[in-house]
Structure formats: structure tokens, C-alpha cells
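Please find below some notes for a colleague who is meeting this structure for the first time. They are set out as numbered points, each of which can be followed in the model itself.

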Amino acid sequence: MSQATATEITDTGVIQSVSGPVVTARDLDARMNDVVYVGEEGLMGEVIEIEGNVTTVQVYEETSGVAPGEPVESTGEPLSVDLGPGVLDAIYDGVQRPLDVLEDKMDSAFLDRGVDAPGIDLEELWEFEPEVEEGDVVEAGDVVGIVEETVTIDHKVMVPPDYEGGEVVAVEAGEFTVTDTVVELDNGEEITMRQEWPVREARPSEEKQTPRTPLVSGQRVLDGLFPLAKGGTAAIPGPFGSGKTVTQHQLAKWADADIVIYVGCGERGNEMTEVIEDFPELEDPKTGNPLMARTSLIANTSNMPVAARESCIYTGITIAEFYRDMGYDVALMADSTSRWAEAMREISSRLEEMPGEEGYPAYLAARLAQFYERAGYFENINGTEGSVSAIGAVSPPGGDFSEPVTQNTLRIVKTFWALDADLAERRHFPSINWNESYSLYREQLDPWFEDNVDEEWPEKRQWAIDVLDEEAELQEIVQLVGKDALPEDQQLTLEIARYLREAYLQQNAFHPVDTFCPPEKTFSMLTTIKTFNDEAFSALEAGVPVDEIIDIDAAPRINRINVQEDYEEYVEELKADIKEQLRALY
């Protein structure tokens, strides 16, 4: 519900008290989740509690200077977002106010309170191409026309989900604003390019299906060991400096999704600045067009009002569902859900609610579940299929994974990418701990990898996991007695594991070639290390000392596969050299 597009006031009350972002008002006739405007400056807020004649509001702007006795005006409508052409290639705050428009209004990078603007430009003209004719019968969700929203994405104008539908009696091609009627139905319903939808209500779908296609990220440790499905849920917990934000940036840049919604929820301003500066200059690897042409950014940094942080996650998931209804695969990055939970904790404490573990509200788990439940692979009400993949970063204090946000998230998501501060200190990036991470999508995604990459994908992946598990056990012994005290076969296993860690699991996000690794190259790198493993153990069984095996000239070249643009020829030559050099030893 934008102040710029919904000015009708249904009732007025008076402020009774102000406590940070929480304001109480009396004599206000409002419903739960209604948008209200608080004080003389008209600060946007949302009703979160009603008790008798007292209404409690969380305000999405700074409330300093707001005093009892000032008016509170109710719109009678829930917090909603504007949906239509213009959402992509835009940067919003937590309640979908376009930051560039507000900056122009203020002529300053610092925003005044009470300033608002519609989520999409109401004056811009869009070229509408009808997909229906007079006499056609349409239902809720049906596509009635196409608009070229960006050079990458065609925006599908749909019958709103809450419309009854009917027979088309008027339709016209041409240039229209988002508020102009483009299709008229016989029951009087008028369809425009703009929809509004309450952020706390999931958009309807026909059926939620089991996802069976991976969200290819181009990151070897993710695609190779812990894959995420399109329509899946993932958590990236890790302490400060372990690489959560860079990992999410990589996913936003390279993930195999049609649309990316990036929600910066309570993170530092310089991190969001990096996203805002980088994304417009990045080239989409799939189309060659700017990456922002399929991206929408929601920036709610740590210095912005805390209540808006609580709503920004819902704003992001609602926009994601809108594009899912068009049949697109959407990746939603939430960075981070810990800051979102902290906002809930602050508001809960202002309401004097009974605190749960570590002061978080007792309904923390329920709110997290409500958010992640809106992700999935769906059959939409218009017959298309689309997905929303939710990837939430978690920032546990001190890297303590036993804290409430991490633990409650773990109970919900099916992919867990655990970041490790020790790996980050050793400059091993992405610093995802392969011993703590897991994916529950592996078995249902294996058929896709077998059909599209290689039928030995599951077998080779399991081999790598087994070697890394064995290395973790051997390292405990090495810490006590040293590597030289181990039998030669175990020494060789440690050497194979080292190549898995350094050549396969490490990846340079800033190298032009290594920043993205397609599944075919991921598999090729793994098979090269497996070839070295098989040939090395054959040589060991033939009596060759382990020092001679690991000293062959070809072995160090495994670490250079990642930077080879045309890797196929390099890999075949390397495999042949490994076999030749090791077999020459016996």
C-alpha cells in the first residue's frame, strides 16, 4: 500500500505513546496489518496489535520527535506492493519505495521522513501486445498480454488472482501506463498492467510439486557436493568475515534463474553499495545483457529503521511470487535472516511480549517457516510452472550454530551450506565446511545430472565425499603422531584429499574464468582427480614409494584446471600424462 497511490483515509485516531518504532494509538478504527500514517509528518506504519480501544503500530521510519496527541490515520488496506512492469532493474527500500525516485525528490542521498513514491512509475508508457482477442474467455492468472520490461525479460500481464474472469469484450494494442485499462471483461472487470498484493499473504497456486531440476550456481562445492533444487530452500550460516555475502553475490550473479531478487536485510551499507555499483556493470552470462535487467534489489541497511527490516523479507518474496506466476524461475537472496529476526526481537521487546530463547519472540520458528514455506516449485493457476528458490544467510553471533535463528532455520531448509571461519582464515574460499554441510536434494536431483552431465555423477561425488570424510579422521591422528607415521596408503589418501580441497573445492570469485564453473567442468575436474587416485593406488600396490608417486610432474597441473577456459583438451592431455608418468614408475 503506497502512500502515493492510496490516499483515501478511512479513520483517524490519536497517538497515545511512542516507544522507538512502536507507537500506540487510541480511538483508531483499523484492522490487523492495515497501513496507517503516523504523526504530523505521515510516517508509514502497520497495525500489529489491537486491544480494546488501543491499536499498536510498528512504524517503518524513525519516530524521534513524534509526540502523543498527534494524529494517526488508517487507510483500511494491508501493507501491499505494487507489481507490474518496472519492478526489475529497480532498487527499493524495505517497503518498496524506489530509492532513486526518493533521491530525486529530496535532491539528496539522505531521505526525509514521510516521503513516499509508488513502487512502479505510474506515468511511464509501456508497449502492450495482447495475447487475447475479443470473445476469448479468461480466468484468474491467465496471461492477456506481453510487455518488454527489460531487454532480458518479457513481462506477462495477467488477470489478477482475485478476479473472477470472464469474456473479453475490449482489448487494444499500443502504449499505455500501468494504470490504464488494457483489457475489459463482460462482467465489468478492468485489467491493467499493475497489480497490488498484500505482502503477508502468499499468492495462490494450483499445486506445489517436488523439485527435480538443480539451481546451477557455477560454484563447484555447491553444484558438486551440496546441490540446491529450483524451488528449494537453503541456509548459509557463518560468522563475520567468512564469506556469506560474497557467496550470495556469486549466486545472484551466476545462478541458473530467470529472475533474481536480492534482499539486503540489515547488512552494512558498504556491502549493499558494492551490489548496487557492481550489478549494473555485470554482464548476464546467459544473455550478454546487463545483469540488472533481470534483478530487483531491496536495500534495507543496518542504519535504516528497524521495523522496515521486518517487512523487507515479505516484500522480496511477494515480488518473487509475482514473477513465478509468469512461469519464471526466481532466486531470492535474503542477507540476512538474522537481522530480520533481530528486528522482530526488538519490536517484540517493545511490546513487552514474553521472550523466548536469547530474547527472540516465541513465534520466531513460525515466522521463519512462513517465509521459507513460500518457496517451492509450483504449478501456477494459469497452467504454467515456475519456482521460487529461497537462499537465506544467517549471521550467528560468534559463529555459534547452536543459537536460535540457525537452529530454527536448520529445521526448515533442506540445504545447509555451513561457512567456516578457520577455512576463511586459511584463504580457502568459498569457505564452506564440507564436513558440516549437507543437501537433502541430492537423490532427487541425481537423475538430472545423470541425463545432462554424466551417468557417473552420483558415484564420483560419493567417492569425493568418502575421501574427504576419511581425511577428517586421519587429520586427528596426524595432529598426534605426524603424517610420516601413517601407512603409505593413508599418506596417499591425504594427498588425494589435498587436491580435492585445493583444486576442486576452492574457487576464485575474482578470476574471470574460475568465477563460474559449469557442471560439465566440475565433473571433468573431479574425474581428473579420480584418475590420479586410481593410477596412484595402482602404483602403490606395485611397490612404488608414495614419495615418488606424489612427486610426478603432472600432479601439480591438477590445480590449474580451474583457470583453463578451454579445459577439455587440457584435461585429456593431463589424464594421459598422469597415467604415463605413474605407469613408468613400475
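1. Which residue in S14 does Trp126 stand opposite? The residue is Phe176, and it should be said at once that the model in which this pair is seen is a predicted one. Three bridges join strand S9, residues 126–130, to S14, and these two strands run antiparallel.

2. The pair of strands just described belongs to an open sheet of four strands, whose order is S12-S11-S9-S14 and whose pairing is antiparallel. S12 and S14, the latter covering residues 174–176, stand at the edges with a single partner strand each, so one side of each is left without a neighbour in the sheet. On average, and with direction ignored, neighbouring strands of this sheet are turned by 40 degrees against each other.

3. The edge strand S12, residues 154–158, also has a part in the second largest cavity, since four residues, the largest share of that cavity's lining, come from this strand. The space in the second largest cavity is about 30 Å³, and the count of cavities of 30 Å³ or more comes to two. Its lining consists of His155, Lys156, Val157, Met158, Thr192, Met193, Arg194, Gln195 and Phe322, which divide into four nonpolar, three polar and two charged residues.

4. Strand S1, residues 11–19, is joined by bridges to two strands that can be taken in turn. Five bridges join S1 to strand S2, residues 22–26, in an antiparallel arrangement, and within this pairing Val18 has Val23 as its bridge partner. S1 and S2 form a hairpin with two residues between them, and in the turn Gly20 has a positive phi of about 60 degrees. Four bridges join S1 to strand S6, residues 71–78, which likewise runs antiparallel to S1, and here Asp11 is partnered by Ser74.

5. The largest pocket holds about 1200 Å³ of space. Of the 48 residues that line this pocket, Pro98, Leu99, Asp100, Leu102 and Leu111 are the closest to its centre. Two or more residues of the lining are given by each of strand S8 (90–92), helix H1 (99–106), helix H4 (269–278) and strand S21 (295–300), and the largest share, five residues, comes from H1. By residue type the lining divides into 27 nonpolar, eight polar and 13 charged.

6. The second largest pocket, with about 520 Å³ of space, is lined by 27 residues, of which Ser242, Gly243, Lys244, Val246 and Phe429 are the closest to its centre. Helix H3, residues 244–254, gives the most to this lining, with five residues. The lining divides into eight nonpolar, 13 polar and six charged residues.

7. Several places in the backbone deserve a careful look, given that most residues other than glycine have a negative phi and most peptide bonds are trans. The peptide bond between Phe429 and Pro430 is cis, with omega about -5 degrees, and Pro430 lies in the loop between helix H9 (421–425) and strand S26 (438–439). Arg427 is placed in the loop between H9 and S26 as well, and has a positive phi of about 65 degrees although it is not a glycine. A second cis peptide bond runs from Asp335 to Ser336, with omega near 5 degrees, and Ser336 is found in the loop between strand S22 (329–335) and helix H6 (337–350).

8. Gln96, in the loop between S8 and H1, has a positive phi of about 65 degrees and is not a glycine. Is Gln96 buried or exposed? Gln96 is buried, because its relative accessible area is 3% and the cut-off for a buried residue is under 20%. Arg427, by contrast, is exposed, with a relative accessible area of 58%.

9. The last point concerns two helices, H10 and H11. In H10, residues 442–452, the buried residues are Gln444, Leu445, Asp446 and Phe449, and the buried residues of this helix pack against H11 and against helix H2 (220–225). Glu471 lies in H11, which covers residues 457–481, and is buried, with a relative accessible area of 4%. When residues up to four places away in sequence are not counted, Glu471 touches Leu494, Ala497 and Arg501.

Methods. Residues numbered from 1 in each chain as written. Predicted model: local features only at pLDDT ≥ 70, side-chain atom pairs only at ≥ 80, totals over all residues. Heavy atoms only, no water. Buried < 20%, exposed > 50% of the residue type's maximum accessible area, 1.4 Å probe, protein only. Contact = heavy atoms within 4.5 Å. Pairing = 2+ DSSP bridges. 1 Å grid on protein atoms, 1.4 Å probe; cavity = no way out; pocket = protein on both sides within 12 Å on 5 of 7 lines; lining within 4 Å. Points joined across faces, edges and corners; volume = space filled by probe spheres on them. Nonpolar A, V, L, I, M, F, W, Y, C, P; charged D, E, K, R; others polar. Axes fitted to C-alpha atoms, helices over the stretch in contact; angles between N-to-C directions.
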